[in-house]
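User: Got a minute to go through this model with me? I'd like to start with the ligand and then move on to the sheet.
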Amino acid sequence: KPPFIITVDGPAASGKGTIANRLGALYGVPVLDSGLLYRAVGVLTRRAGKDLDSEQDAGGVAMTLTAAMLDDPEFRTRGAGECASRVAVHSAVRLALRELQLAFARTPQGAVLDGRDMGTVICPEAPAKLYVTATPEVRAERRWKQLKGQGEEVSLADVLEDIRRRDERDGSRADSPMVAAADAVLLDTTEMTIEQATDAARRTVEAAR
Ligand code: C5P
């Protein structure tokens, strides 16, 4: 029997990260935050003084990335999300990160994969797929509160603009755009609490098990 893989895709601050972590805890399986890989490549490319929009520069950094390099608080900042989305358009970056992601999914016990293209590109054969959304306004408010909690000074309007720009870039890139898999269950969390969203996600997974 193949490992039970759950994919959780969707835009920034839709609630997918929280849902993925709760499902992972519930089923006792590891959770891959694939966005962190792109954040790391973005920040490390910038830190090396290289060009985020150069496929060669960012791809070179992506090839050197290892799991041991992921523990850095800067990867969680607002600027890192923007850097991530810029390097994520490059096929060389996506290809370099692919093997890290596949290695993570190759576990006997199963896994939860959180990202943009988990159900479409990285693990299209996954038996349980969720696509989590919410309105840009609600997502901006959630992200704004989170950033404030981390001590980042930023206006709600600026966070909303970030979110719209990132949605547009992630949804329109040629390689692995952010899109719901045909067989994903859509979960709109706009009017849901974390508990309600997690419960709905759990029911979807139970139905696929
Ligand atoms: O999920 P998170 O907001 O941390 O992702 C940061 C960025 O990384 C996204 O905006 C997207 O451009 C990129 N990303 C991606 N594919 C993934 C996960 C993240 O392109 N599977």
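Analyst: A definition first, for sorting the residues around the ligand: Ala, Val, Leu, Ile, Met, Phe, Trp, Tyr, Cys and Pro count as nonpolar, Asp, Glu, Lys and Arg as charged, and the others, Gly among them, as polar. Also keep in mind that this is a predicted model.

User: Fine. How many residues of each class are in the shell around the ligand?
Analyst: The shell has 4 nonpolar, 5 polar and 5 charged residues.

User: And which of the 14 come nearest?
Analyst: Gly-35, Tyr-38, Ser-85, Ala-88 and Gly-115 come nearest to the ligand.

User: Which helices supply at least two residues of that shell?
Analyst: Three helices do so: H2, residues 34–47, H4, residues 78–87, and H8, residues 156–172. H2 gives the most, with 4 residues.

User: What about domains, where does the shell draw its residues from?
Analyst: From domain 1 and domain 2, with at least three residues from each. Domain 1 is 1–30 + 111–209, and domain 2 is 34–106.

User: Switching to annotation. What domain does UniProt list for residues 6–201?
Analyst: The unreviewed UniProt entry lists "domain: Cytidylate kinase" for residues 6–201. Over that range the chain is 54% helix and 11% strand. The C-alpha atoms at its two ends are 10 Å apart.

User: OK, the sheet. What's the strand order?
Analyst: The order is E2-E3-E1-E4-E5, in an open sheet of 5 strands with parallel pairing. E2 (31–33) and E5 are the edge strands, and each of them pairs on one side only. The twist from one strand to the next averages 20°.

User: How many bridges does E4 have with E1?
Analyst: E1, residues 5–9, and E4 pair in the parallel sense over 4 bridges. In E4, Tyr-131 is the residue opposite Asp-9.

User: And on the E5 side, what stands opposite Tyr-131?
Analyst: Leu-186 in E5 does. E4 and E5, the latter covering residues 185–188, are also joined in the parallel sense, over 4 bridges.

User: Is E4 mostly covered or open?
Analyst: Mostly covered: 5 of the 6 residues in E4, which runs over 128–133, are buried.

User: Take Leu-130 in that strand. Why does Leu-130 count as buried?
Analyst: Leu-130 counts as buried because 30 other C-beta atoms lie within 10 Å, and the cut-off is 20 or more. Leu-130 and Met-118 are 12 residues apart in sequence, with 9.8 Å between their C-alpha atoms.

User: Back to the other edge. How many bridges join E2 to E3?
Analyst: There are 3 bridges between E2 and E3, residues 111–115, and the two strands run parallel. Leu-32 has Leu-113 in E3 as its bridge partner.

User: Next topic, the annotated binding site. Which residues does UniProt list?
Analyst: The unreviewed entry gives Gly-10, Pro-11, Ala-12, Ala-13, Ser-14, Gly-15, Lys-16, Gly-17 and Thr-18 under "binding site".

User: Where do Ala-12 and Ala-13 lie?
Analyst: Ala-12 is in the loop between E1 and helix H1, residues 16–27. Ala-13 also belongs to the loop between E1 and H1.

User: Is Ala-12 buried or exposed?
Analyst: Buried, because Ala-12 has 23 other C-beta atoms within 10 Å. Ala-13 is buried too, with 26.

User: What's the phi of Ala-13?
Analyst: Positive, about 60°, although Ala-13 is not a glycine. Ser-176 is another non-glycine with a positive phi, about 50° in its case.

User: Where is Ser-176?
Analyst: In the loop between H8 and E5. Ser-176 counts as partly exposed, because it has 18 C-beta neighbours inside 10 Å. Being buried would take 20 or more, and exposed would be 12 or fewer.

User: Last one, in H8: Ile-163. Is Ile-163 buried or exposed?
Analyst: Ile-163 is buried, with 22 other C-beta atoms within 10 Å. Its C-alpha atom is separated by 13 Å from that of Leu-147, and the two residues are 16 apart along the chain.

Key: Residues are numbered from 1 along each chain as its sequence is written. This is a predicted model: local features need pLDDT of at least 70, side-chain atom pairs count only at pLDDT 80 or more; totals for chains, interfaces and linings use all residues. UniProt positions are given in the numbering used here, feature names are shortened, and annotations may be inferred rather than shown by experiment. A residue is near a molecule or strand if its C-beta atom, placed from the backbone, lies within 6 Å of it. Domain bounds come from an automatic or database domain assignment. Two strands pair if DSSP finds at least two bridges between them. Axes are lines fitted to C-alpha atoms, for helices over the stretch in contact, and angles run from 0 to 180 degrees between N-to-C directions.
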